Amino acid sequence: MVSFVGLELKNPIIAASASETWNVSDLLKAEKGGAGAVVTKSVGYHSKTEARFVGHPRPRYRLVNKGFSWDPALDKEGAFFSLYRLGEMQAPEEPEQYADVVRAAKEALSIPLIVSLANVWVPPYKEWAKTAKIMEKAGADALELDLSAHPMPKATDPNIVRSVRDAVSLPVIAKMMIGTEDPKEMGPQLEKAGADAICAIGTGPGLCLEVDVQAEKLALQPSFLATGGPWYRPIGLAFIAQLARSVNIPLSGVTGVVTWEDAAKYIMLGATTVQVCAAIYAHGYGTLGEIADGLARFMHAKGYSSVEAFRGKLLDQLVPDWGNLELDAPVAAAVEDRKCTVCGRCIDTCFYDAISLAPSRKSVVIDRGKCDGCGLCVSRCLVGALSMKRFD
Ligand SMILES: Cc1cc2nc3c(=O)[nH]c(=O)nc-3n(C[C@H](O)[C@H](O)[C@H](O)COP(=O)(O)O)c2cc1C
């Protein structure tokens with residue numbers, strides 16, 4: 001169990017807002033798949049006002065780079081992919097219509113129902129407040145505000161949070177987008193505006209493109225709405241870590257969560273819940289339960305009785321600025337002869353010419369006088385024969 005904005009979740013894994021949560025049947029699939037809570041597809045007064053959003057481009061999704069990974073732990077088919085998208089289906093044109101979906105979903109689901117609001121190109125705050133009230137009445141357990149959908153490129157507007165906060169008594173989660181704001185500055189503003197939690201990060205506008213080389217075709221057109229997948233998880237993790245250091249409200253981490261390890265990373269950097277989107281497109285709804293189960297096994301093995309027991313555990317390791325870094329530490333690479341396979345990878349990429357073949361030709365030798373202590377050889381070694389050692 002985990003508490004998040006006053007809701008009790010059976011596990012911290014939430015199905016994120018997207019097409020895969022846009023109707024009752026899909027929300028039920030997410031619950032059956034193992035989600036601790038669901039966030040609906042965003043709804044707002046946008047389709048009517050923005051002609052570009054009426055109609056669905058087809059095809060609009062493409063999974064690329066399946067099966068490719070630089071991390072052997074993830075090297076199972078489809079563990080690493082990008083979800084490219086061109087345009088997006090919309091929830092029904094009017095929030096009033098979507099209220100029927102919310103009512104039915106509330107009736108059918110036994111897990112918390114978070115309703116996502118967005119109002120693309122509709123700046124008046126009253127539209128946000130109006131939609132919020134409709135969804136509160138329809139039975140939403142909490143609201144998530146997709147701030148990425150506000151006029152671009154400047155997206156995050158704390159006034160939206162304030163207007164919704166004043167209109168409803170439900171918990172309000174502010175969802176920040178990639179690339180527009182500094183989380184350290186915007187996080188506190190969202191908190192001050194009344195957000196009960198922050199979700200980071202949502203996709204932002206971006207020209208994402210991929211090429212199918214064999215077919216000599218674009219994998220999809222440049223995406224207007226950006227995409228999901230593990231390729232930008234490091235940015236999501238950095239957002240959460242920076243938010244964790246600058247606000248006192250709970251965080252929900254989203255972007256690139258494919259495995260339970262990814263979920264654990266977000267929690268270790270300060271998130272209370274973790275959201276999953278693109279991985280559902282790639283692996284199906286059951287991936288939610290697999291992530292939740294894997295996380296539970298990890299927690300059991302480590303003796304963590306709750307998410308709180310290890311939440312934010314790694315934040316102390318963050319180096320806040322260069323001033324606190326130990327520079328020019330007396331470290332150099334060291335080799336364990338019995339492990340070395342003499343593959344030559346370390347010799348090839350030592351920019352300091354500090355590594356050479358040992359006279360025995362069965363290992364390598366490190367010239368400590370030349371070694372810069374940069375650590376690249378340790379990362380390049382495939383058999384763990386190299387490590388960094390202090391010599392002070
Ligand atoms: C097809 C698609 C539609 C999405 N629609 C929404 C949306 O309506 N509202 C929202 O807040 N985020 C939306 N997102 C963003 C996701 O909720 C999530 O923040 C993003 O995809 C990153 O997570 P991921 O790497 O797990 O996909 C959408 C993402 C995709 C791929």
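This passage describes the fold, two helices, the ligand surroundings and some backbone features of a predicted model.

The protein chain contains 11 helices and 18 strands. Of its 392 residues, 53% are buried. Contacts between residues at least 6 apart in sequence were examined for their range, and 70% of them join residues at least 24 apart.

In soluble globular proteins, nonpolar side chains tend to be buried together. The largest nonpolar core in this model has 95 residues, and Met 135, Leu 143 and Leu 145 have the most contacts inside it. With neighbours within four places in sequence left aside, Met 135 is in contact with Val 43, Pro 95, Tyr 98, Ala 99, Val 102, Val 115, Leu 117, Ala 140 and Leu 143. A second core, separate from that one, has 13 residues, among them Cys 340, Val 364, Cys 371 and Ala 385.

Several of the contacts of Met 135, including Pro 95, Tyr 98, Ala 99 and Val 102, are also buried residues of helix H2. Helix H2 runs over residues 95-108, and its end C-alpha atoms are 20 Å apart; this agrees with the 20 Å that its 14 residues should span at 1.5 Å a residue. The buried residues of H2 are Pro 95, Tyr 98, Ala 99, Val 101, Val 102 and Ala 105. Because these residues cover an arc of only 165° around the axis, they lie on the same side of H2. An α-helix has 3.6 residues a turn, so residues three or four places apart point the same way. The cover over the buried residues of H2 includes helix H1 (24-33), strand S7 (113-117) and helix H3 (125-138).

Helix H3 also holds Thr 131. Thr 131 counts as buried, at 0% relative accessibility. A polar atom of the Thr 131 side chain lies 2.7 Å from the backbone oxygen of Glu 127. Beyond neighbours within four places in sequence, Thr 131 is in contact with Val 43, Gly 44, Tyr 45, Pro 95, Leu 117 and Asn 119. Of these, Pro 95 is one of the buried residues of H2, while Val 43, Pro 95 and Leu 117 are also among the contacts of Met 135.

Helix H5 (residues 183-192) likewise has a buried side. Its buried residues are Pro 183, Met 186, Gly 187 and Leu 190. They cover an arc of only 110° around the axis, which puts them on the same side of H5. Glu 185 and Lys 192, on the other side of H5, are exposed. Packing against the buried residues of H5 are helix H4 (158-167), strand S9 (172-177), strand S10 (197-202) and helix H6 (233-246). At the start of H5, the backbone nitrogen of Lys 184 has a side-chain oxygen of Asp 182 within 2.9 Å. Gly 194 follows H5 and has a positive phi, near 110°.

The ligand has 23 residues around it, of which Ser 17, Lys 41, Ser 42, Gly 256 and Ala 278 come nearest. A polar backbone atom of Gly 256 is 2.7 Å from an oxygen atom of the ligand. For Gly 229, a backbone N or O atom lies 2.8 Å from a ligand oxygen atom. Lys 175 makes its approach through the side chain, with an N or O atom 2.8 Å from an oxygen atom of the ligand.

Some backbone geometry remains to be noted. Most residues other than glycine have a negative phi, and most peptide bonds are trans. The peptide bond that joins Ala 200 and Ile 201 is cis, with omega about 0°. Ile 201 is found in strand S10, one of the elements that pack against the buried residues of H5.

Thr 255 has a positive phi, near 125°, and is a residue other than glycine. Thr 255 is found in the loop between strand S13 (251-254) and helix H7 (260-268). With a relative accessible area of 6%, Thr 255 is under the 20% limit and therefore buried. Asp 328, also not a glycine, has a positive phi of about 50°. The place of Asp 328 is the loop between helix H9 (286-302) and strand S15 (331-335). With a relative accessible area of 79%, Asp 328 is over the 50% limit and therefore exposed.

How values were computed: Residues are numbered from 1 along each chain as its sequence is written. This is a predicted model: local features need pLDDT of at least 70, side-chain atom pairs count only at pLDDT 80 or more; totals for chains, interfaces and linings use all residues. Side-chain values use heavy atoms; hydrogens and water are left out. Helices (H or I, at least four residues) and strands (E, at least two) are DSSP runs, numbered from the N terminus. The expected span of a helix is 1.5 Å times one less than its number of residues. Buried means under 20% relative accessible area, exposed over 50%, partly exposed in between (1.4 Å probe, protein chains only). The arc is that of the directions from the helix axis to the C-beta atoms. Contact means heavy atoms within 4.5 Å. A nonpolar core is a set of buried Ala, Val, Leu, Ile, Met, Phe, Trp, Tyr and Cys residues joined through side-chain atoms within 4.5 Å. A residue is near a molecule or strand if one of its heavy atoms lies within 4 Å of it. A polar contact is a pair of N or O atoms within 3.5 Å; within protein, one must be able to donate a hydrogen and the other to accept it, and residues adjacent in sequence count only if both atoms are side-chain atoms.
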